[in-house]
Amino acid sequence: MEIVLAIAIMALGAVVLGAALGFASIKFKVEGDPLIEKIEAILPQTQCGQCGYPGCKPYAEAIANGDEINKCPPGGTEGVQRLADLLGREVKPLNAEEKPKQIAIIDEQTCIGCTLCIQACPVDAIVGAAKQMHTIVAPLCTGCELCLPPCPVECIRMEPIAENIDNWKWKYPVVEIKAAPLKEAA
Amino acid sequence: MSHYLFILVGAVLVNNVVLVKILGLCPFMGVSKKLETAYGMGAATTFVLTMATGASYIIDHFLLIPFGLEYLRTLSFIVTIAAIVQLTEMVIAKTSPTLQQTLGIYLPLITTNCAVLGVPLLNISNNNNFVESLLFGAGSAVGFSLVLILFAGIRERVEGAEVPVYFRGVAIAMVTAGLMALAFMGFAGLDKYQ
Amino acid sequence: MLMNLFKCKGGVKPPTNKTQSITLPIATAPIPSRLVVPLHQSIGGTPRPIVQAGDQVLKGQLIGEADGWISAAVHAPTSGTVVEVAMHVQPHPSGLDAMCVVIAPDGRDEWIAHQPFDYANAAPEAVREYLQQSGVVGLGGAVFPTHGKLTPSKTVPMEELVINGAECEPFITCDDLLMRERAEEVVRGIGIFRDLLQPKKVLIGIEDNKPEAAAAMRAAVGALGEPFSVVVVPTLYPAGGAKQLIRVLTGKEVPAAKRSTDLGVQCFNVATAYTAWRAIAHGEPVVSRLVTVTGNVHAPRNYEVLIGTPMDELLQLATPHPDTDGIIMGGPMMGFLVPDRQVPVIKATNCLIAHDDRLFPPKPPEMPCIRCGSCAQACPHELQPFEMYWFSRAKNFGKTQEYHIFDCIECGCCSFVCPSRIPLVQYFRFAKSEIWAREREKNAADGAKARFEFKQLREEREKAEKAEKLAKAAAAQAAKKAAEAAAAAAAGEPVAEGAAAAEPVAAEASPVPVAVDPEKAAKMATIQAAMERAKAQREASQPKNTEALKSSQQKEIDEIEARRQAAHLTEAAPPAATGEKTE
């Protein structure tokens with residue numbers, strides 16, 4: 001008899017709590033996933049596809065759904081670090097080599113004006129017309145290298161961005177360690 | 001009146017749930033890496049713990065004791081706590097998805113946080129009445145949040161320090177927690193003044 | 001004139017070392033063997049060079065055109081020949097190169113035709129533009145284009161105009177000498193600023209270690225009958241910082257996110273006022289400035305130096321001691337060792353200090369921070385340098401911003417007082433430039449994202465448009481075929497079978513236009529299917545239909561075929577098609 005009573009009371013509790021939770025799940029329903037936007041804000045937006053996804057947004061969605069955070073070489077180790085901070089995950093080494101920032105340069109002598117690179121560029125950073133020479137708008141180039149494979153005459157090369165006064169950064173102060181001059185005994 | 005004050009002070013400082021009773025160490029070590037998450041975890045645990053003490057008192061006194069089902073205490077308390085945690089998680093998911101993501105596994109794990117179960121059980125063994133139970137629960141929760149936030153602040157600062165390589169990360173955090181616990185021992189006797 | 005001074009927090013009192021260079025009057029430095037004039041000498045856009053190698057230029061001739069509103073023009077400092085427009089090493093801590101115009105002086109120092117600017121009858125906009133064209137920038141060291149600071153706020157009435165003659169940094173005396181010898185022109189320049197900004201009060205702040213300068217300015221103000229107050233402020237580094245001087249003279253504290261004009265205050269250096277007056281009253285653009293040459297030299301002195309003079313040549317005038325091992329540009333607190341002795345004097349160069357180990361003994365190594373708080377007491381901005389240091393060192397930049405690292409003016413007070421000799425300012429500069437770099441990357445990423453999304457949108461739209469065009473063309477063709485068949489049947493030509501066969505074509509094709517008109521893009525698939533069917537039908541019927549074609553009909557068909565081909569090509573490579581059309 002006591003067992004029945006116990007079961008009944010526990011069942012009652014379960015029903016009450018279940019109803020409360022059910023109500024809450026309707027009331028606090030989350031629409032969309034604001035997390036994806038936060039992840040995407042960290043990604044470098046090169047749209048290079050090196051992560052295996054067609055663009056930064058699909059990768060952000062994949063991360064939100066549990067994909068690894070170390071698949072973005074343009075974001076670098078620092079990008080992985082920031083993703084790890086945001087998501088509370090472990091920092092992992094990058095799954096590819098980290099390259100210095102670079103931009104594409106078209107050798108304008110060789111360019112035949114086929115427009116293939118214009119179509120490949122994800123950020124519209126190449127201008128030109130059919131059978132006219134093309135050129136890269138340097139400040140818009142993200143260095144994604146997507147224009148390299150379609151070029152039939154291999155006239156595009158990648159060059160690291162040189163340091164100039166505008167993008168120069170102060171260096172981390174390094175303490176020089178020198179041998180102190182020996183003092184002669186007085 | 002001073003009786004209630006002593007309960008509160010005793011729960012927050014003297015018998016601090018984390019550093020003196022050594023309950024709830026899992027989130028204490030787990031979500032104290034960043035001050036921001038510590039605030040969130042502290043708030044969530046405070047809410048859950050206060051609600052849990054109130055709910056468990058009601059269940060204990062109006063369901064379990066009248067029907068002689070005291071042996072179901074742990075079970076029914078856990079079910080109640082789990083429901084409250086679920087509710088909290090829904091609210092957090094709605095209001096702050098980043099906090100939900102950063103709290104990660106520790107948010108549902110409030111369910112199994114021994115502090116959250118331990119405090120209601122302590123209430124019963126201390127024969128606290130409803131107001132005392134609530135005060136004890138809230139005090140313990142505030143004590144938990146307090147040390148969690150202090151600890152997170154210290155850990156953020158330790159991040160910038162030149163810690164010997166082998167001590168980095170959890171090792172130095174453990175040492176820090178130990179020192180903090182020693183410091184909290186200094187409150188002993190504060191609630192004995194009559 | 002008595003007035004209440006407000007207290008400025010923090011500050012330090014380093015040995016001033018100013019007496020060495022004030023014994024001799026200002027001398028004009030001779031024209032050097034060559035002038036290297038950097039184009040980017042002010043904050044803002046880099047001026048575009050408008051001369052080429054081989055050009056003859058006259059003194060005061062425009063050689064760099066201002067690029068945008070926040071940018072100031074650059075002029076030839078003397079007459080001569082442009083040798084090259086090329087990259088040369090800059091007086092910048094990075095030691096990197098930037099675009100410079102190199103001029104070989106001809107020694108005649110011949111002015112280009114210039115006349116005074118009639119500013120009494122000119123609109124304020126015209127005066128500002130004239131100052132921009134004359135290359136007038138803040139000569140206190142920040143080199144912000146002056147015209148950009150001469151627009152009063154639309155909402156806040158201009159209360160005080162603060163003129164900075166404090167010159168708080170040790171060693172530097174160029175403003176002191178300028179005020180002593182050319183006070184009248186300085187005051188007239190201040191008059192221009194007053195006319196443009198219409199402030200209620202004009203306050204000229206001079207540190208109390210320059211009584212002669214203050215007396216000269218008072219005399220000039222009195223002689224010209226201007227209502228300006230010359231205020232002597234206590235000597236305290238960095239009282240000459242714009243925000244500090246505003247605080248001391250007006251009691252107003254400029255918040256980080258606001259400009260001083262938002263509080264009704266604006267601040268200019270005395271040397272800026274002087275160059276503004278030279279530009280307006282004589283039509284002379286900024287081609288020279290006063291530079292204090294001091295430090296480890298025999299004869300410290302102030303020189304009027306042409307912009308672009310190599311620092312080494314200038315230093316030789318003061319005969320440096322042989323153990324000089326470097327040149328500091330600026331003062332000992334905020335200046336830096338120039339990367340190369342040949343770097344040119346620029347508009348920001350107020351002082352050259354010959355460096356040696358006696359004057360500037362090498363700093364003993366950095367010790368751990370003991371959190372004594374001396375830096376916080378010395379900080380004129382009431383920041384907590386020890387906290388900013390802690391987080392800069394740990395590269396926790398978010399935290400440094402929480403401690404307001406961008407309010408730091410890098411005055412060096414904290415490093416000066418630090419008992420552990422920590423180069424705090426270097427850590428702050430490092431953190432700031434890292435944060436800026438991040439900001440740039442963030443902006444670049446946002447731009448890239450916007451363009452990527454726009455490209456996707458455009459591609460989708462193009463695809464939809466193409467499909468629509470194809471569907472329309474196909475429908476038109478099918479309708480035409482049907483019409484032809486009907487016409488043929490009506491003409492009673494002996495192709496009865498053909499007409500019979502053509503009918504189903506018409507029947508098949510006719511629904512197509514109906515389907516096309518509403519929701520074209522959405523029904524693309526059905527259209528495609530219909531097109532295929534119509535095509536198949538047509539091909540089946542074609543032999544019969546084309547047996548007795550007139551030449552005009554044949555021509556029409558050919559045209560349609562050509563168009564169709566063009567349309568298909570467009571699908572493969574859109575720009576190629578446009579290219580073909582233009583040919």
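# A guided tour of chain C

Begin by colouring chain C by pLDDT, the predictor's confidence in each residue, from 0 to 100: confidence is lowest in helix 17 (residues 574-582) of chain C, with a mean of 41, and highest in strand 14 (residues 301-306) of chain C, at 94. This is a predicted model, in which local features need pLDDT of at least 70, side-chain atom pairs count only at pLDDT 80 or more, and totals for chains, interfaces and linings use all residues. Residues are numbered from 1 along each chain as its sequence is written, while chains are lettered from A and ligands numbered from 1 in the order in which they are written.

**The whole chain**

Select chain C entire. Its average pLDDT is 84, and 87% of the residues score at least 70. The model as such scores ipTM 0.79 and pTM 0.78. Chain C holds 17 helices and 17 strands; helices (H or I, at least four residues) and strands (E, at least two) are DSSP runs, numbered from the N terminus. Of the 583 residues in chain C, 44% are buried. A residue is buried if 20 or more other C-beta atoms lie within 10 Å of its own, exposed if 12 or fewer, and partly exposed in between, with C-beta atoms placed from the backbone.

**The stretches to read with caution**

Select residues 498-518 of chain C, where pLDDT stays under 50 and the model has 48 contacts beyond four places in sequence. Two residues are in contact if their C-beta atoms, placed from the backbone, lie within 7 Å. Residues 570-583 of chain C also stay under 50, with 18 such contacts. Where pLDDT is low, the predicted coordinates should not be read in detail.

**The antiparallel sheet**

Next, select strands 2, 8, 7 and 4 of chain C, which form, in that order, an open sheet of four strands with antiparallel pairing. Two strands pair if DSSP finds at least two bridges between them. Strand 2 and strand 4 (56-57) of chain C are the edge strands, each pairing on one side only.

Zoom in on strand 2 (residues 35-38) of chain C. Both of its faces are covered: Leu35(C) and Val37(C) on one side, and Val36(C) and Pro38(C) on the other, are all buried. Strand 2 is joined to strand 8 (residues 97-105) of chain C by four bridges, and the two run antiparallel. Within strand 8, Val101(C) is the bridge partner of Val37(C), and Cys100(C) stands opposite Pro38(C).

**The parallel sheet**

Now select strands 11, 10, 9 and 12 of chain C: in this order they make an open sheet of four strands with parallel pairing. Strand 11 (229-233) and strand 12 (265-269) of chain C stand at the edges with a single partner strand each, so one side of each is left without a neighbour in the sheet. Neighbouring strands of this sheet are turned by 25° against each other on average, direction ignored.

Is strand 9 of chain C enclosed or open to the outside? Six of its six residues are buried, so strand 9 is largely enclosed by the rest of the structure. Glu160(C), Val162(C) and Asn164(C) cover one face, and Leu161(C), Ile163(C) and Gly165(C) the other.

Strand 9 (residues 160-165) and strand 10 (residues 201-207) of chain C pair in the parallel sense over six bridges. Here Glu160(C) stands opposite Lys201(C), and Asn164(C) opposite Gly205(C). Five bridges join strand 9 to strand 12, again in parallel, and in strand 12 Val265(C) stands opposite Glu160(C).

**Two helices**

Add helix 5 (residues 242-250) of chain C, which lies across strands 9, 10, 11 and 12 and runs at about 120° to strand 9. Axes are lines fitted to C-alpha atoms, for helices over the stretch in contact, and angles run from 0 to 180 degrees between N-to-C directions.

Then select helix 3 (residues 183-197) of chain C. Its buried residues include Val186(C), Ile190(C), Phe193(C) and Leu197(C). Just after helix 3, Gln198(C) takes a positive phi of about 55°.

**The contact with chain A**

Finally, display chain A as well: 25 of its residues are in contact with 26 residues of chain C. On the side of chain A that touches chain C, 13 residues are nonpolar, seven polar and five charged. Ala, Val, Leu, Ile, Met, Phe, Trp, Tyr, Cys and Pro count as nonpolar, Asp, Glu, Lys and Arg as charged, and the others, Gly among them, as polar.
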